[in-house]
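Biologist: I am new to this one. Please show me the model, and then let us go through it in short steps.

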Amino acid sequence: MLKPLLLILVCLTLLGLSARLLYRGLRQPGTQRVLDRLSQGQPERVVQKTSWTALERAFLRAGLGRPTERIGQWLTLWGLMALIGLVAGGWIGLLLASLLPPLLLRVFVQWRYQRRLKRMIEQLPPLLDHTVRSLKSGRTLADAVLGAIDAAEDPLKNALGRVQRNVQLGISLPDATSDFAELYDKDELRLFALGLKVNHRYGGNASELLENLIKMIREREQAARQLSAMTGETRVTAVVLAALPVALAGYFLISNPKYLLAMWNDGSGQTMLVAALGFQVFGCLALWRMLRSL
């Protein structure tokens, strides 16, 4: 009974991946599809691309460097863990050892990225204030921004090093800042890049624009803290609901291990345990999505 359930799980996973690819294909602009058809058979310029673009992007945003430098070691370790899981727990052990490491890695990278981004947004108003003071002392906007980056603290200084390198390579400051904002995907950073681009193209009082941006960022931060305080009870309830089944299963394993082992040795018991695990994972994901919307 367990093998058909695993086969169904694999089929559902492949079905979800195919639906996602179909959705991405439908979202592709019609113009791009026409250009792709017209370019078939034509000589194309060789472009150096990597298959790990999304993975490198996630690691760079989390401040963990480039993962492709040690990708062979990580894949070897993952394969050994899957082999150990197969030897120790059979197909269930293989499934857990194959799925848990990527899932835990994704959760860790996302947590590291959110924590780093929150700290960067907290450091952005002092950087903008330093820029405003430099502008009022007579420096140009580009010099003021680059000087504020040198005076900033990590992790914002380390992240904005990307902007400094691009400017040194000849890219304009608004374009370099826009690239930085798109990498970290945050509204405050996009507004900062948009302000620099508007000032670069149309001119105006840059110091007043940056002062208004500082005020807006601080107001948004205050509103976010108030929302976090108001939804604290909801978040605690969600954590309790997610942790309670796991805690009960751990209690049964400690107090009466024969109970769960008897269920595991029975065919219908295995089905119930696998279904319970699936419902637990689905419930945790649903609660996580609801918490993200708060």
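Biologist: Is Trp288 buried, partly exposed or exposed?

Modeller: This is a predicted model. Trp288 has a relative accessibility of 43%. Buried means under 20% and exposed means over 50%. The value falls in between, so Trp288 counts as partly exposed.

Biologist: Which helix holds Trp288, and which helix gives the most to the nonpolar patch?

Modeller: Trp288 lies in α12. Trp288 is also one of the residues that make a nonpolar surface patch of about 840 Å². Both α4 and α12 supply at least two residues of that patch. With 5 residues, the one that gives the most is α4.

Biologist: Which helix gives the most to the largest nonpolar core?

Modeller: That core has 38 residues. Helices α4, α5, α6, α7, α8 and α9 each supply at least two of them. The top contributor, with 10 residues, is α4.

Biologist: Which residue near the end of the chain numbering of α7, Tyr184, touches what?

Modeller: Tyr184 is among the residues with the most contacts inside the core. Setting aside residues up to four places away in sequence, Tyr184 touches Leu60, Arg61, Tyr113, Arg116, Leu117, Met120, Ala159 and Leu189.

Biologist: Is Thr177 buried or exposed?

Modeller: Thr177 is part of helix α7. Beyond its neighbours within four places in sequence, Thr177 contacts Val163, Phe192, Ala193 and Leu196. Its relative accessibility is 1%, and the cut-off is under 20%, so Thr177 counts as buried.

Biologist: Which backbone oxygen lies 2.7 Å from a polar side-chain atom of Thr177?

Modeller: Thr177 sits in α7. The backbone oxygen at 2.7 Å from a polar atom of its side chain belongs to Leu173.

How values were computed: Residues are numbered from 1 along each chain as its sequence is written. This is a predicted model: local features need pLDDT of at least 70, side-chain atom pairs count only at pLDDT 80 or more; totals for chains, interfaces and linings use all residues. Side-chain values use heavy atoms; hydrogens and water are left out. A nonpolar core is a set of buried Ala, Val, Leu, Ile, Met, Phe, Trp, Tyr and Cys residues joined through side-chain atoms within 4.5 Å. Buried means under 20% relative accessible area, exposed over 50%, partly exposed in between (1.4 Å probe, protein chains only). Helices (H or I, at least four residues) and strands (E, at least two) are DSSP runs, numbered from the N terminus. Contact means heavy atoms within 4.5 Å. Patches are made of residues with over 30% relative accessible area and no salt bridge: like charges are joined within 9 Å, nonpolar side chains (Val, Leu, Ile, Met, Phe, Trp, Tyr) within 5 Å. Accessible areas come from the Shrake-Rupley method with a 1.4 Å probe; for residues, only the protein chains shown count as cover. A salt bridge is a side-chain nitrogen of Lys or Arg within 4 Å of a carboxyl oxygen of Asp or Glu. A polar contact is a pair of N or O atoms within 3.5 Å; within protein, one must be able to donate a hydrogen and the other to accept it, and residues adjacent in sequence count only if both atoms are side-chain atoms.
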